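Please take me through this structure one selection at a time. I have it open in a viewer and would like to know what to pick next and what is there.

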Amino acid sequence: MQTVIVVYSRTGNTLKVAQALAGILGAEIAEIRCQRNYDGAVGFLRGAMDSVMRRKPSIDVAQVVAQPHDLMVIAGPVWTGRAAAPLMAFLAGRPKLPGRVALLLTHGGSNPAKALAEVETLVGAPLAARLALKEADIKGDRFSAPLTDFAREAIGEADLPLIG
Ligand SMILES: Cc1cc2nc3c(=O)[nH]c(=O)nc-3n(C[C@H](O)[C@H](O)[C@H](O)COP(=O)(O)O)c2cc1C
């Protein structure tokens with residue numbers, strides 16, 4: 001199954017999980033790069049404001065996303081209760097999505113239900129799988145079991161042996 005993981009990560013939590021998932025699925029990673037500076041404390045506030053105001057920053061994504069895939073995993077952090085602004089900018093660009101789309105969000109501990117639901121609406125079809133992981137569990141390397149379950153659900157073949 002040809003899989004691409006489209007990921008935005010400001011501080012590395014989501015990227016860490018995306019890299020583990022890429023190992024499980026044998027997937028390519030396409031990072032969303034953002035021209036807007038979200039670094040440091042000022043960047044944090046800018047990110048929070050952009051999320052609240054629903055601003056869509058300019059982004060670049062590797063061309064690999066435009067190639068045909070069977071599964072796309074969209075991954076990024078929660079900002080102010082929503083999927084982070086760069087991820088929302090990616091979806092607002094109406095990317096060509098494959099038949100199977102799965103969503104992976106990371107967060108600091110607040111309920112991610114609204115962010116998951118909002119992305120599913122933008123995708124326009126039921127998600128093949130969804131997972132929200134807490135930052136503390138990522139930093140503590142306590143995400144392997146839920147990530148493996150997510151990977152199996154995403155590919156839709158529970159008995160298929162996974163790589164890694
Ligand atoms: C601007 C901003 C807003 C955030 N808002 C929330 C939030 O509403 N709820 C939450 O649980 N975590 C929130 N977080 C924490 C991140 O979701 C969490 O640290 C995430 O794992 C960061 O992923 P990353 O390292 O891939 O960027 C926020 C972080 C930032 C930078």
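## Strands and a crossover

Begin by selecting Arg33 and Asp60: Asp60, in strand S3, is the bridge partner of Arg33. The model on screen is a predicted one. Now widen the selection to the two strands, S2 (residues 28-34) and S3 (residues 59-61). S2 and S3 pair in the antiparallel sense, over three bridges.

Keep S2 and add strand S1, residues 3-7. S1 and S2 run parallel and are joined by four bridges. For one pair to look at, pick Ile5, whose bridge partner in S2 is Ile29. Next, colour helix H1, residues 13-25, through which the chain crosses from S1 to S2. This β-α-β crossover is right-handed.

## The largest pocket

Which residues lie closest to the centre of the largest pocket? Select Arg10, Phe44, Pro77, Val78 and Trp79, which are the closest among the 19 residues that line this pocket. The space in the largest pocket is about 400 Å³.

To see where the lining comes from, colour H1, helix H2 (40-52), strand S4 (71-79) and strand S6 (100-107), the elements that each give two or more residues to the lining of the largest pocket. H2 supplies the largest share, with four residues. Colouring the lining of the largest pocket by class gives five nonpolar, 12 polar and two charged residues.

## The second largest pocket

Move on to Tyr8, Ser9 and Arg10, which are among the residues that line the second largest pocket. Add Glu31, Ile32, Arg33 and Cys34, which also belong to this lining. Then add Arg36, Asn37, Tyr38 and Asp39 to complete the lining of the second largest pocket. Two names in this selection have come up before: Arg33 is the residue bridged to Asp60, and Arg10 is listed among those closest to the centre of the largest pocket.

The second largest pocket has a volume of about 160 Å³. By class, the residues of its lining divide into four nonpolar, two polar and five charged.

## Helices H3 and H4

Select helix H3 (85-92). How many of the eight residues of H3 are buried? Seven are, and H3 is mostly covered. The buried ones are Ala85, Pro86, Leu87, Met88, Ala89, Phe90 and Leu91.

Now select helix H4, residues 113-123, and pick out Ala115, Leu116, Glu118, Val119, Glu120 and Val123, which are buried. Show S4, strand S5 (82-83), H3, S6 and strand S7 (129-134) as well, since these are the elements against which the buried residues of H4 pack.

Stay in H4 and centre on Glu118. Is Glu118 buried or exposed? Glu118 counts as buried because its relative accessibility is 18%, under the 20% cut-off. Leaving aside residues up to four places away in sequence, Glu118 touches Arg54, Arg82 and Met88.

## A cavity

Keep those three contacts of Glu118 on screen, Arg54, Arg82 and Met88, and look for enclosed space. The count comes to one cavity of 30 Å³ or more, and about 60 Å³ of space lies in the largest cavity. Select Asp50, Ser51, Arg54, Arg55, Lys56, Arg82, Ala83, Ala85 and Met88, which line the largest cavity. H2, S5 and H3 are the elements that give two or more residues to this lining. By class, the lining of the largest cavity has three nonpolar, one polar and five charged residues.

## Backbone stops with positive phi

The last stops concern the backbone. Most residues other than glycine have a negative phi.

- Arg54 is in the loop between H2 and S3. Its phi is near 55°, a positive value in a residue other than glycine. Arg54 counts as partly exposed because its relative accessibility is 42%.
- Thr80 is in the loop between S4 and S5. Its phi is near 45°, again positive in a residue other than glycine. With a relative accessible area of 40%, Thr80 is partly exposed.
- Arg94 follows H3 and has a positive phi, near 50°.
- Gly124 comes just after H4 and takes a positive phi of about 85°.

Key
Residues numbered from 1 in each chain as written. Predicted model: local features only at pLDDT ≥ 70, side-chain atom pairs only at ≥ 80, totals over all residues. Heavy atoms only, no water. Pairing = 2+ DSSP bridges. Right-handed = clockwise from strand over helix to strand, strands pointing away. 1 Å grid on protein atoms, 1.4 Å probe; cavity = no way out; pocket = protein on both sides within 12 Å on 5 of 7 lines; lining within 4 Å. Points joined across faces, edges and corners; volume = space filled by probe spheres on them. Nonpolar A, V, L, I, M, F, W, Y, C, P; charged D, E, K, R; others polar. Buried < 20%, exposed > 50% of the residue type's maximum accessible area, 1.4 Å probe, protein only. Contact = heavy atoms within 4.5 Å.
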